Amino acid sequence: MLSIGVDVGGTNIKFGLVDESGGILFQKKTRTDPDRGSSAIIGSIVQEINAMVRQCAVAYRDLKSIGLGVPGTADSANGVVIYAPNLFWKHVAIVPAIQAAFHMPVFIAQDTRAAAWAEYVVGAGQGMRGIAAVTLGTGIGCGMVIDGRIFHGALNTAGEFGHQIVELNGELCNCGRRGCLEAHAGGLAIVREAGKRISGVGELLHKDISSVTVSDVYQLAQQGNAQARNLTDGVVRYIGIGLVNLINLNSLEMIAISGGISNAPAQLLLDPLIAFVRGRAYEAISEKVRICKSKLGEDAPLIGAALLHRAGDRGAPRCKWRSEEKQTVS
Ligand SMILES: [Zn+2]
């Protein structure tokens, strides 16, 4: 059997035809253009799925399900995107709309949780009981699978890893609060700090200061620039604090790391992060927890979305998420 995975991002929407072992048989992507509104985006998702099925010459009866990964808080039980700031969506009932077009089961999860599900079912977390998939990019996110189930939390907001406070009264975060991990160690924070703390960063890189990237900063650190190295050491410290908190609270066996920052040289990120966690996590688990780079990488949300039918649940069924509020496709 095959399934369809759809990874809805703020910039692109990725579509994939996925087999039961997580292999992607066909993949394509289109622009999201969030400005056009949720109805137009849902309409084009339906169109693109139909086009992909035709192009791959697959019979609908051979398709098990459609799964959606979305960049925001999703109510998996009711098939509703509660809040997705990158899409400008609030209370969008996407699952009923897509289900009506295809007459097959449609599942939804936050993209980070879909990624964690992929790691658990076909990735580095197979056979384990508690794992997390952490994304280190422009934003910092996390999904968890605990005791074989995707952990949604009672209010569907579990795993807001990037918004744990690591500095009281620290930098202002996109969420409106101060001192969040994302505001100190996310991609935007690294670039912001590079402009402030690396003397002549533009001249060193022969480019305008506004186009400095995270990988530029890591390149300077690797070349021995002490200020860049100080910055990347700070990133390890902040993310390390975040991981220790995550592991201590949730008793996790494995953490798979993905996202743009995870491509930093191992001696500047992954190796010192592992050392930080070994030295500071609760003793009973610090030696046992495995921290690794995700092999599924940026395909994890797509693969996990396609395999959501194996999750055996549709989220937190008791959570009606303000069912009195109107759930509309705007
Ligand atoms: Zn925040």
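In the predicted model, five strands form an open sheet with mixed pairing, arranged in the order E3-E2-E1-E4-E8. The edges are occupied by strand E3 (24-31) and strand E8 (106-110); each has a single partner strand, so one side of each remains without a neighbour in the sheet. Averaged over the sheet and with direction ignored, neighbouring strands are turned by 15 degrees against each other.

Both senses of pairing can be illustrated by individual strand pairs. Strand E1 (residues 2-8) is joined to strand E2 (residues 12-19) by seven bridges in the antiparallel sense. Within this pair, Val6 has Phe15 in E2 as its bridge partner. By contrast, E4 and E8 run parallel and are connected by five bridges. Here Gly67 is placed opposite Phe107 of E8.

Two helices are associated with this arrangement of strands. Helix H2 (residues 94-102) packs on the sheet, where strand E4 (63-70) and E8 are touched by the helix. The direction of H2 makes about 150 degrees with that of E8. Helix H3 (residues 111-122) lies across E1, E4 and E8, and its course is at about 105 degrees to E8. Strand E8 is thus contacted by H2 and crossed by H3, while its pairing in the sheet is with a single partner strand. Despite this position at an edge of the sheet, E8 is mostly covered, with five of its five residues buried.

Note on methods: Residues numbered from 1 in each chain as written. Predicted model: local features only at pLDDT ≥ 70, side-chain atom pairs only at ≥ 80, totals over all residues. Pairing = 2+ DSSP bridges. Helix = DSSP H or I, 4+ residues; strand = E, 2+ residues; numbered from the N terminus. Axes fitted to C-alpha atoms, helices over the stretch in contact; angles between N-to-C directions. Contact = placed C-beta atoms within 7 Å. Buried ≥ 20, exposed ≤ 12 C-beta atoms within 10 Å, placed from the backbone.
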